[in-house]
Each structure stands twice: as C-alpha cells, then as structure tokens.
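Here are my notes for someone opening this one for the first time. Have a look around, then read the points in order.

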Amino acid sequence: MHLVPVVLGGGPARVRELPFLAQLDLRADPSDAGLMALLTTALGARPPTEPNTAIVSDDGTRHVLWLGPDEWLVVAEPDTGPALESAIRDAIGEGRGAVVDVSANRTTLSVSGPRARDLLAFGCSIDLDER
C-alpha cells in the first residue's frame, strides 16, 4: 500500500490505495423478505436500504454500500471474491437477483487526516458538510 501525504492549509490529509479488495455488485429486490434474509445470512449483515449508507458484516470482514434502491457494492478482503460471489449466488438461487465481480475495474482509496473532508470536497460535487 502506498501512502501519499497531501498537505493542505491547516494540516495534512493522507491518501493510500487499498489494492486488490474483492468488489461485487449485487442487485436484488429489497421488498423480497425471503431473499433479503438469505442475503443477510450470506453477507453477515442485511444490505442497507437507506440511501447513502453502508454496513459492516457481523465479523467485520465485509462492507455493503448502498448504491441504489436495489443495488449494493460488497467490498471484502483480497482473494475472497470467488467464494463470496458463490455464496451470494447460492443465496439468490432462483430468486430475482444478480451478483457480478467488478474487482478488476476499480480500486479503493483510503483518505484520512484532519483535512480529509477538504481533500474529498475538492474533487467531488457531493455536499460533504458535517451537517
């Protein structure tokens, strides 16, 4: 992992890559209680249904990020993608849902430090104000 210090007025922000994390795109109908129960078991936590939220699995090994009303990004440790994808696919079974491994087309960056919000706001149109 690379640590790149970025100095902003008032203190540094740090950016580092978290390479090779497993990333799976999950689509499912959140109103299908049976399917959501099976996915909750497979993921270790219920996929969030509140916009712009994320959850961490009970064992802390997976993050499930809300992308849309019926879409989530599941992020897990490197080398866990195939097994996790299989578990999710088994949970979906004949239900209406899909899981796709999207690990190879993106990376993950960690931004930290006292000015991390300022650094993110510099290149992002989302309002990152604490309120």
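**Notes on the model**

1. Let's begin with the outside. The accessible surface of the protein adds up to about 8200 Å², and carbon and sulfur atoms account for 56% of it. Keep in mind as you read on that this is a predicted model.

2. Next, the overall layout. You'll find 3 helices and 8 strands, and from the N terminus they come in the order β-β-β-α-β-β-β-α-β-β-α. The C-alpha trace spans about 55 × 35 × 25 Å along its principal axes.

3. How much of the chain is buried? Of the 131 residues, 33% count as buried. As for who touches whom, take the contacts between residues at least 6 apart in sequence: 55% of them join residues at least 24 apart.

4. On charge, there are 11 positive and 19 negative side chains. The centres of those two sets lie 6 Å apart.

5. Now for the inside. The largest nonpolar core has 19 residues, and those touching the most other members are Leu26, Leu39, Leu43, Trp72, Val74, Leu84 and Ile88. Strand E3 (22-28), helix H1 (33-43), strand E5 (62-68), strand E6 (71-76) and helix H2 (81-92) each put in at least two residues. H1 gives the largest share, with 5 residues.

6. Leu39 is a handy place to start exploring that core. Setting aside neighbours within four places in sequence, Leu39 is in contact with Leu26, Ala28, Ala45, Ile88, Ala91 and Ile92. Two of these partners, Leu26 and Ile88, also appear in the list of core residues that touch the most other members.

7. Arg62 deserves a click too. Is this strand E5 residue buried or exposed? Arg62 counts as buried because its relative accessibility is 15%, and the cut-off for buried is under 20%. Its side chain makes a polar contact of 2.9 Å with the side chain of Thr61. Beyond the neighbours within four places in sequence, Arg62 is in contact with Ala42, Leu43, Gly44, Ile55, Val56, Ser57, Val75, Ala76 and Leu84. Leu43 and Leu84 will be familiar from the core.

8. Two loop residues have a backbone angle worth checking. Phe20, in the loop between strand E2 (11-17) and E3, has phi near 65°, a positive value in a residue other than glycine. Phe20 is also exposed, at a relative accessible area of 73%. Asp79, in the loop between E6 and H2, has phi near 70°, again positive in a residue other than glycine. Asp79 is exposed as well, with a relative accessible area of 79%.

9. Which residues does Thr108 contact away from its own stretch of sequence? Thr108 sits in the loop between strand E7 (97-101) and strand E8 (109-112). Leaving out neighbours within four places in sequence, its contacts are Arg16, Glu17, Leu18, Leu21 and Gln23. With Gln23 there is also a side-chain to side-chain polar contact of 3.4 Å.

10. Last stop, the segment after helix H3 (116-122), where you'll find Asp129. Asp129 counts as partly exposed, since its relative accessibility is 37%. Asp129 and Asp118 are 11 residues apart in sequence, and their C-alpha atoms are 9.5 Å apart in space.

Terms used. Residues are numbered from 1 along each chain as its sequence is written. This is a predicted model: local features need pLDDT of at least 70, side-chain atom pairs count only at pLDDT 80 or more; totals for chains, interfaces and linings use all residues. Side-chain values use heavy atoms; hydrogens and water are left out. Helices (H or I, at least four residues) and strands (E, at least two) are DSSP runs, numbered from the N terminus. A polar contact is a pair of N or O atoms within 3.5 Å; within protein, one must be able to donate a hydrogen and the other to accept it, and residues adjacent in sequence count only if both atoms are side-chain atoms. Contact means heavy atoms within 4.5 Å. Buried means under 20% relative accessible area, exposed over 50%, partly exposed in between (1.4 Å probe, protein chains only). Accessible areas come from the Shrake-Rupley method with a 1.4 Å probe; for residues, only the protein chains shown count as cover. Lys and Arg count as positive and Asp and Glu as negative; His and the chain ends are not counted. The place of a charge is taken as NZ of Lys, CZ of Arg, CG of Asp or CD of Glu. A nonpolar core is a set of buried Ala, Val, Leu, Ile, Met, Phe, Trp, Tyr and Cys residues joined through side-chain atoms within 4.5 Å.
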